[in-house]
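This report describes how two chains meet, how one sheet is arranged, and where nonpolar residues gather. Please keep the structure in view while reading.

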Amino acid sequence: MSMSDDLKAIEAQVAEGVAAAQSMEELEALRVSVLGKKGQLTAIMRSMGKLAPEERPAMGQLANTVRANVDAALKARRETLAAELMERKMAADACDVTLPGRRLTPGTQHLISQIREEVEDIFCGLGYTVEDGPYIETTWYNFTALNAPEDHPSRSAKDTFYVVDNAPGTVSHAEETNVQGESDILLRTQTSGVQVHVMERSKPPIYMICPGTVFRPDTADANHLPQFTQIEGLVVDEGITFGDFKGTMDYFLRQVFGEDRATRYRPHFFPFTEPSCEVDVSCGVCGGKGCRFCKGTGWLEILGAGMVDPNVLDNCGIDSEKYTGFAFGMGVERIACLRYDLPDLRMLMTGDMRFLSQF
Amino acid sequence: MRISYEWLKSMVDVPEDPAELVAEFTRTGTEVEAVEKVGANLEHVVTAQVVSKKPHPDSDHMWLCQVSVGDKNVDADGNPVPLQIVCGAQNFNEGDHIVCAMIGAVLPGDFKIKKSKLRGVESCGMNCSARELGLGSDHEGIMILPEDAPVGMDFTDYLGTSDTVIDCEITPNRPDCLSMTGMAVEVAAILDEDTHVELPSVKAEKGPDAADLVDVTIDDPELCSRYTARVVRGVKIGPSPEWLARRVAAAGGRSINNVVDVTNYVMYLTGQPLHAFDLGKLTERDGRRHIVVRAAGDGEKLVTLDGQERTLTPDMCVITDDGHTPVALAGVMGGLDSEITEDTTDVLLESANFSSGHTSRTSRNLDLMSEASIRYERKVDGTNCANVAEIAAALFEECCGAEVCPGIVDVYPGEADDAPVQITLRPSRTRLIGGADIPEEFMVARLRRLGCSVERAGEDALSVVAPTNRPDLTREVDLIEEVVRLWGEGDIAPTIPAARNHAGGLTPEQRRVRRIGQVLRSCGLSETSTYCFAATDDLARLGIPETGRGVPVKIIRPLVAEQSEMRRDLLPGLLRSVAYNLDHGVSNVALYEIGRVFFGHESKSLPDEPSYVCGVLCGRRADDAWNQRFDEYDFFDAKGVVEELLDALRVTKVRFKAADPEQYPWLQPGRAAEVVAGGGQVVGWVGNVHPRGLRAMGVEAPVVAFELSQAALLRLAADQLSYQDIPTLPGVDVDLAIVVDESVTCETLMQRIGSAGGKLLSDVRLFDVYRDPVRVGEGKKSMAFSLTYRAADRTLTSEEVEKAHAKLVTKVCKSTGGEVRS
């Protein structure tokens, strides 16, 4: 047999072997048998020197071609086998994607804090500051400075927690002498006192909200808590109008309850605002037609508000002729109830993980 | 305030449909609580008579009655048959005329009357109270009709015309609206209509002058600014005429007799409370009765009309008979002894003005509210007392057959204070505050409708005098409020203020407090809220010393004993929440709260109110899952949370020092650490809560907890620390296991390794702690560290690393007494 026949036979043999190879190992054995040190093709390449010089170029060219074909065939088969192998591996790796994932179970924020932060963010967006003050206040900051008359029922021990005063008469505004025969020191019943503190220490323009815990002697039941959360707001600036108040409330309430909600302003009475009003939003359950949720009225009462009474500004050393303003207050628990239809407010205070983790 | 539409209609033109007025009330600030139809739609409700009344065989408070309803209930032959009705009321007798709801009736509030059995006895209807019929608030007993009432008549027909009652809530600034005349003025102003109020006057005065029969002394004008007395003689006590009884009922009162009804009617009409004394029961001296109005004595007693004996205080005001015996609690309720009875013939009528503050406190302190006290509390129009007495006297004449004595005794020390004030209203200011272009003509017209006198007093000035029954109108802004509410707050265009020269947003501290919450939540803790109240023994139960926590802030009248003071630590509240969860079958609890505590001072009025961050962990992070297992929370879970938090706040120089059990007796010794940062500043603690304290709080599972001072966290928190180069050259990792005595802490070892490693040591990580009495030795532990050596400027050779490591090992072993574990 001539060398060229041998080369062709090797090429044919390799083509056959490659097609038959079912694994990388078989393919490698085939490669070694042809291209390895003792391989058939290697042997032929080595024996090239024994050929007559005139035969060498043609035979060399043929040998190189065969070698290139063998390489290519091996490579192609290797890629095919690798792809098949990957498919098999992936098939073996398939899982039930409906099995639960591996979760990190982060904690949740208390419902009231969520609403509080949401409201803070809305008002920060309008350029307000967020202010804070003491929970334990004097009657001056909680009532008198806010224009609440001495005999206002809210001052009575039925509506206010008074605490023991360890040093009667030592706080400023000592003219407050136990108006209700109890003490001049109390747990704040509203966050309004913060407004007085802010007006005392800073000059207008004032744009602020004061969210915080307040206390009233209501025995805890489904609809009452002796400790709850209020958010009040105050604006004092030149030229502030009732229209400014309405625009601000409309914007705020739609941010909280949705763009499609209507608002209603009902004149009302509060000692520290005049004109005063209560603000309702249209019921989200019935869209204002009237249902069980809104007791058939189509409206849900949300906040009390009004233009700051000039007495309050004067009490805080602000020129009530130059500046006007508005103030508003709302209960955060009330918003929570309206949004989530909570059956019992006490859930907010138990720390029940099953409740907290819902929000 | 209950407003009879029929009555209102007689004084001002109102829309046919009360709903239209209700909408106008809402728009202008009168809150409507309910609208009731009375006298209509009361089918199957008939007038009736009690034929017999016997005790229920199986109840000690119910009665078994036979009630005749005339021919409304007949047998097969058409003969009237009484109904058997079981009734729980106590105020009726056999023979009384009553109102009966028969089977099929539907009473207000969708209350359907059906045949029923009460304690085994069949009942075929119900005897009705006024409230059940929507005729008033009286629910003390069933409604008793006059003896001449027919039996078996449809109750609607018996009542005559039907009426609508609008029940309004009147805000405390509007005493005028607690009267029908005041309400008529308000409605006239809302609707821009005229009022047409006709008030009766006495036709003929007879007999001796009132001043010859009565004199009045006011001890303290602060308690009583005016007291008028009229005298009528020869009254014939009896039922009221039907119109009077109906109006009293519509207003929410109960018809008692003609004299009492007249005083109540006139009060509902004018807002001026009246009181009728039986003149004959007052002591006569020198031919006259002597009314003395004075402060009550401390502990003085008076039996009020409701039969209760009241103990009085000097803050209260009493009407006395000649200065001695109290006969009425001024402004609140009359006394039982001088009450009008069937035998009364001569009446002393009081129309007076008592201090709103004293009346309001008296009523509150005695827990005794009356129609009179509600009105005095909000201020009564002192200028009107005599006019109102005239109206009442005229009605005594008309409805009680009385002779009215000429004249009135009128003591009026507060007259000067009752004078109306002049207020200047600037239309421009009104428009500015309202934010609406309200025409001056509107202001003038509506203020006049409200009873103000209004005159132009300059370019931008109206001179306004408010009516004397409007104590709420004393300043310009009070008038602006009136104009704005009548204009319609809803009609003012919304705008948003420009807020020039003002910037808002959260402060860095506020953002950091939010960050604290975010980190704790990402660590798996849920935020909760607990009460700021505490029980007096909360600290003691856990063994938390009072040192450094001031004195407790004590609540004067706590609602419950467990909430009698303000908390001085957050831990007790959170442990209660853990107990709540465990008691309700929730075993995995991870909670945190950021809240205030209250440290009172012995010699200061106001306490300190620092905020703390407290967390509790109990059980496991989650129940085991198909691909995850969780261990019970231990000390290192809580410590890990604290470390994450301090890291996130960029707090530096953090150290955890074994907590001294003397200082932290509420924590488990050996499982608690004091958290120190920033070079020795105590931030708080972390550790296992002492099992003894847990038991005292009702927690039957281990709890790890931490409590950190918010102030310290915020003080030590820093902005992002500066950037560190990321290594570009490879480091060499070498493991080192070193056996040391148990007493050598991880912190010590880390420090020694750090200082021995020199510049080339770039990282140290503890990856194992191993104890074995045989392989490691008793009282010893093996600590395995992974050390990384690296130079920033070159790749280290193995010789360099080996040299550095050998030096480190020698130094560390020497300084800690440890040896390398091979």
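## Interface, sheet and cores

In this predicted model, 76 residues of chain A are in contact with 82 residues of chain B. Helix α8 of chain A, residues 242-257, gives the largest share of the chain A side, namely eight residues. The classes of residue on this side are listed below.

| Class on the side of chain A that touches chain B | Number |
|---|---|
| Nonpolar | 37 residues |
| Polar | 24 residues |
| Charged | 15 residues |

Chain A also holds an open sheet of seven strands with mixed pairing, in the order β1-β4-β5-β9-β8-β7-β6. Strands β1 (129-130) and β6 (263-270) of chain A stand at its edges; each has a single partner strand, so one side of each lacks a neighbour in the sheet. Helix α13 of chain B (residues 476-487) packs on this sheet, where it touches β6 and β7 (273-282) of chain A, and its direction makes about 30 degrees with that of β7(A).

Within the sheet, strands β8 (residues 299-308) and β9 (residues 323-331) of chain A run antiparallel and are joined by five bridges. Gly306(A) has Ala327(A) in β9(A) as its bridge partner.

The largest nonpolar core has 280 residues, and those with the most contacts inside it include Cys100(B), Val347(B) and Phe396(B). Helix α10 of chain B (residues 385-399) supplies the largest share of this core, nine residues. Leaving aside neighbours within four places in sequence, Phe396(B) is in contact with several residues, among them Val232(B), Val259(B), Val347(B) and Val404(B). A second, separate core has 15 residues, including Val732(B), Met783(B) and Leu808(B).

Definitions and conventions. Residues are numbered from 1 along each chain as its sequence is written. Chains are lettered from A and ligands numbered from 1 in the order in which they are written. This is a predicted model: local features need pLDDT of at least 70, side-chain atom pairs count only at pLDDT 80 or more; totals for chains, interfaces and linings use all residues. Two strands pair if DSSP finds at least two bridges between them. Helices (H or I, at least four residues) and strands (E, at least two) are DSSP runs, numbered from the N terminus. Two residues are in contact if their C-beta atoms, placed from the backbone, lie within 7 Å. Axes are lines fitted to C-alpha atoms, for helices over the stretch in contact, and angles run from 0 to 180 degrees between N-to-C directions. A nonpolar core is a set of buried Ala, Val, Leu, Ile, Met, Phe, Trp, Tyr and Cys residues joined through C-beta atoms within 7 Å. A residue is buried if 20 or more other C-beta atoms lie within 10 Å of its own, exposed if 12 or fewer, and partly exposed in between; C-beta atoms are placed from the backbone. Ala, Val, Leu, Ile, Met, Phe, Trp, Tyr, Cys and Pro count as nonpolar, Asp, Glu, Lys and Arg as charged, and the others, Gly among them, as polar.
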